[in-house]
Amino acid sequence: MIKKAIFRGINCFMYAIGIYTVLQLILSAINQKAGMIPVLPEFSAQFQNEAIAMLVQTVLIGIIGAAFGAGSVLMELERLSLIAQSILYFIVTTAVGLPIGCFCWGFHKYPQTRLSMGLSYLISYLTVYIVNWVIQYRLCKSNIEQINKKLLELKEEESL
C-alpha cells in the first residue's frame, strides 16, 4: 500500500504540474502580453522575482496533486468503511491543502482575520467535499443496483 501511495503521489505530482503548465500557456496565449507570468501580485510580492514565485506556486500545486493522489489509496482499504475512508481522505487532503492555501492566499499577512479566513477555507472545502461525496455515493449505489439487476437476470436465464 505504501509503494502504491508513493507511486500515485509522484504521478499526481507530475500530472498536476503538467496540467498547471498547460493552463499557464493557454492563459498566456489568451492574454498575449509579453512577459506575462500567471501569478497573483500579492503572492509574487513574497519572493525576489516573479519567476521564483511561479516556481514555488508550481511546486505547491504539485504537492497538492501528490496528496490527493497518494491519499486516494485510502479509498481502496477494504477493511475500512466508506465513511472512514472518506474521513481519512478528507483529513489528509485538508492537512496539505489548508496550509498551502493559507500561504498562497497570504493569510499570514492578516493575523487578526487568520482564524476566520482559515475557517472560511475549511468550510468551503468541506461543503464541496460533501457534495461530491454524496454525488459519488449515489452514482455507486445506482451502479451496484444495475449490476445486481443484471446478475439476477443472468441467474434467471441460467435456471431456464
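**Exercise 1. In this predicted model, state which residues of α4 meet which residues of α5, and describe the crossing.**

Solution.
Step 1. On the α4 side, the residues are L82, I83, S86, Y89, F90, T93, T94, G97, L98, G101 and W105. They meet G118, Y121, L122, Y125, L126, Y129, W133 and Y137 of α5.
Step 2. Sorted by class, the contact of α4 with α5 holds 13 nonpolar and 6 polar residues, with no charged ones.
Step 3. The two axes come within 10 Å and cross at roughly 145 degrees.
Step 4. The crossing of α4 and α5 is right-handed.

**Exercise 2. Determine how α3 is oriented relative to α4, and list the residues in contact.**

Solution.
Step 1. The axes of α3 and α4 lie 9 Å apart, and the packing angle is about 170 degrees.
Step 2. Angles over 145 degrees count as roughly antiparallel, so α3 is roughly antiparallel to α4.
Step 3. From α3, the contact uses V56, L60, I63, I64, A67, F68 and G71. Their partners in α4 are Y89, V92, T93, V96, I100, F103 and C104.
Step 4. The classes in the contact of α3 with α4 are 12 nonpolar, 2 polar and no charged.

**Exercise 3. Classify the packing of α1 against α3 by angle and hand, then give the make-up of the contact.**

Solution.
Step 1. Helix α1 spans residues 2–31 and helix α3 spans residues 50–71. Their axes come within 7 Å and cross at roughly 140 degrees.
Step 2. This angle makes α1 oblique to α3.
Step 3. The crossing in which α1 passes α3 is right-handed.
Step 4. α1 contributes A5, R8, G9, C12, F13, A16, I17, Y20 and Q24 to the contact. α3 contributes M54, Q57, T58, V59, I61, G62, I63, G65, A66, G69 and A70.
Step 5. The residues of the contact of α1 with α3 divide into 12 nonpolar, 7 polar and 1 charged.

**Exercise 4. Describe the largest pocket: its volume, the residues closest to its centre, and the helices that line it.**

Solution.
Step 1. The largest pocket holds about 340 Å³ of space.
Step 2. Its lining has 16 residues, of which I64, I100, G101, W105 and Y121 are the closest to the centre.
Step 3. At least two lining residues come from each of α3, α4 (82–105) and α5 (114–159). α4 supplies the largest share, 7 residues.
Step 4. By class, the lining of the largest pocket has 11 nonpolar, 5 polar and no charged residues.
Step 5. Compare the lining with the helix contacts. I64 and I100 take part in the contact of α3 with α4, while G101, W105 and Y121 take part in the contact of α4 with α5.

**Exercise 5. Identify the lining of the second largest pocket and the helix that supplies the largest share.**

Solution.
Step 1. The volume of the second largest pocket is about 190 Å³.
Step 2. The lining consists of M75, L82, Y129, N132, W133, Q136, Y137, C140, K141 and I144.
Step 3. α5 gives the largest share of this lining, 8 residues.
Step 4. The classes are 7 nonpolar, 2 polar and 1 charged.
Step 5. Among the lining residues, L82, Y129, W133 and Y137 also belong to the contact of α4 with α5.

Conventions. Residues numbered from 1 in each chain as written. Predicted model: local features only at pLDDT ≥ 70, side-chain atom pairs only at ≥ 80, totals over all residues. Heavy atoms only, no water. Axes fitted to C-alpha atoms, helices over the stretch in contact; angles between N-to-C directions. Helix = DSSP H or I, 4+ residues; strand = E, 2+ residues; numbered from the N terminus. Parallel < 35°, antiparallel > 145°, perpendicular 65-115°, else oblique. Left-handed = near helix turned anticlockwise from the far one by under 90°. Contact = heavy atoms within 4.5 Å. Nonpolar A, V, L, I, M, F, W, Y, C, P; charged D, E, K, R; others polar. 1 Å grid on protein atoms, 1.4 Å probe; cavity = no way out; pocket = protein on both sides within 12 Å on 5 of 7 lines; lining within 4 Å. Points joined across faces, edges and corners; volume = space filled by probe spheres on them.
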